[in-house]
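Let's take a walk through a protein structure together. Have a look at the picture first, and then we'll go through it piece by piece.

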Amino acid sequence: MWRSAGDRLYELVQLLILSVEVVTITVLAVIFALRGPWRPLTPTEQSVLLLAAVLMLLCLGGLTLYILVFHAISKRIERAQQAQYQLWVRRWGSVLLQDGPPPSGPLPPAAEKALIDLRKTLKGESGQKISDLIRSYSLEKRWLKRLNASRPDLRLEALDMLAALALPETLQPVLAQLHDPRRSIRSVAVRAAAHSLAETPNDHAALECFLSALCSADLSESVLEDALFLTGDAARYLLIGLLVMDDLPARLLVATVNVAGQLQLMELSPQIVTHLGDPQPEVRSAVLQTLVRWNYVPQSATEGVLKCIKDPVEAVRVLAVRALALIAEEGAVPLLWTALADPAWLVQRAAAQALLHFGRTGASVLKDAARRHPDQRAAQLAVQCLLNRREFQER
Amino acid sequence: VKRVLIVDDDILTRELLEMSLAREELYTIASASDLQSARTALQQQDFDLVLLDLNLPDGNGFDMINHIRKVLKQDTPVIILTANHQEITVLRGFQMGAEDYINKPFSLREVHLRIEKVLKNR
């Protein structure tokens, strides 16, 4: 608060000083231009020049003084705020741990900040107690009210605070913000809603609401992923719900598959591998990436992976070749031999590396490729891979 | 009475844990907000347990574990307390000799029980 006021004042002082300097220099320039620079200075002109120099010195001195005073005051205020904060942390701690009486409202800013920070730090029984305290001061109501503000920065701040409070009852109004035309509001809102949902992972009605909001909201893939992660224990139920839905937007399906991969939810593999035949290449890539991440290709996915080896999209073929390294050797090796001659270099390299996954058998296939592969580039790549491997082993 | 050192740059976590552990009268608590002051505290007295945050202003908690094990040659049990939930971080902590791992946000009861368990196992 004092920083923004101080910055504004600084801008004003700077403008004032610059204006004084510009006016002085202009006056001097005009005087000297009219009288000619070769004539000696009259006593009046000398005093004007001296006055201008003194004025500029005063201006610069004033500016320096302002900066020094501003920093000194800032430090003092910061220290005082820190002490206040610490005091309130102790006070809330005693309310929490010794069941002391809570202070009466309205709370000063330091008290509110300490309470919200405690909410972010604690979970379980003590976290619940903090939530009850927050409710008793109706902090959430103030921030919910601010969601109706016309200024987007105020609404973003409110959403941030609601995310920190993570109260289940704020889920619905926060989800309503997902229809906002501004992308920034939608992105922050979905994260805030995810925080609230994480507090009640078994509330089916809340899960349903969140799911339908995700399906209808215009959000990017990374924001969707982030939101799904933030739902904590609720993520698994959400992913199951999403994977059984028909006509899911591609970006939501990609986010779902990626999150399932990163959370190592292999029990979802039957639903995930059905999307290996998805018309969208990013979905096929996400499924293959997840299989590679799991280091596991279920039997039911083998056919889909084999189909993806011939995918028209290079990125999909690269991932399919990597996934091939995870299926049975006898099925994979001939296909990897073929993939060595893929028109895309990245696929060829992935095939050579995948062969090395099969240990001695893979290495001997690579040696064979180095000697007699009909594609010259494949033979050269095999040589390179073998050399790299030897270098690595020697090291 | 067991001596516990809390190393965390977050004033709220330090204060809260200090208050919570001191309440039981089973522990005497010292706290440090950075690696430097934690090292000084460890040199000045022996502790029965260190509760350690990983992200500190002058380094990471792994350096602290290293210091305790390799420089001070102490086997003081260390419990990592961090918001970093990544598997690789957890594994590294255990590999370096941490006894236990607590994720932030944490439950105070859980922290108490884990400390009790670690100290009992010693």
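How many bridges join strand S1 of chain B to strand S2 of chain B, and do they run parallel or antiparallel? There are 6 bridges between S1 (residues 2-7) and S2 (residues 27-32), and the two strands run parallel. Keep in mind as you look that this is a predicted model. To find your place in the pairing, look for B:Arg3, which stands opposite B:Thr28 in S2(B).

Now follow the chain from one strand to the other. S1(B), helix H1 (residues 11-22) of chain B and S2(B) make up a β-α-β unit, and it is right-handed. S1(B) also pairs with strand S3 (residues 49-52) of chain B, again in the parallel sense, through 4 bridges. Here B:Val7 sits opposite B:Leu52 in S3(B).

Next, the aromatic rings. Counting over all chains, the structure holds 5 aromatic pairs. One of them is A:Tyr66 with A:Phe70, a stacked pair with 6.2 Å from centre to centre and just 5 degrees between the planes. Both residues belong to helix H2 (residues 43-97) of chain A, where they are 4 residues apart, or about one turn of the helix. A:Tyr66 is buried, with a relative accessible area of 16%, and A:Phe70 is buried with 16% too. Together with A:Tyr10, these two form one aromatic cluster.

A:Trp92 and A:Tyr137 have ring centres 5.8 Å apart and planes at 75 degrees, so this pair is edge-to-face. A:Trp92 lies in helix H2 of chain A, while A:Tyr137 is in the loop between helices H4 (124-136) and H5 (139-146), so the pair ties together parts 45 residues apart in sequence. Both A:Trp92 and A:Tyr137 are buried.

Key. Residues are numbered from 1 along each chain as its sequence is written. Chains are lettered from A and ligands numbered from 1 in the order in which they are written. This is a predicted model: local features need pLDDT of at least 70, side-chain atom pairs count only at pLDDT 80 or more; totals for chains, interfaces and linings use all residues. Side-chain values use heavy atoms; hydrogens and water are left out. Two strands pair if DSSP finds at least two bridges between them. A crossover is right-handed if, with the strands pointing away from the viewer, the path from the first strand over the helix to the second runs clockwise. Rings of Phe, Tyr and Trp (its six-membered ring) pair if their centres lie within 6.5 Å; planes under 30 degrees apart count as stacked, over 60 as edge-to-face and the rest as tilted. Buried means under 20% relative accessible area, exposed over 50%, partly exposed in between (1.4 Å probe, protein chains only).
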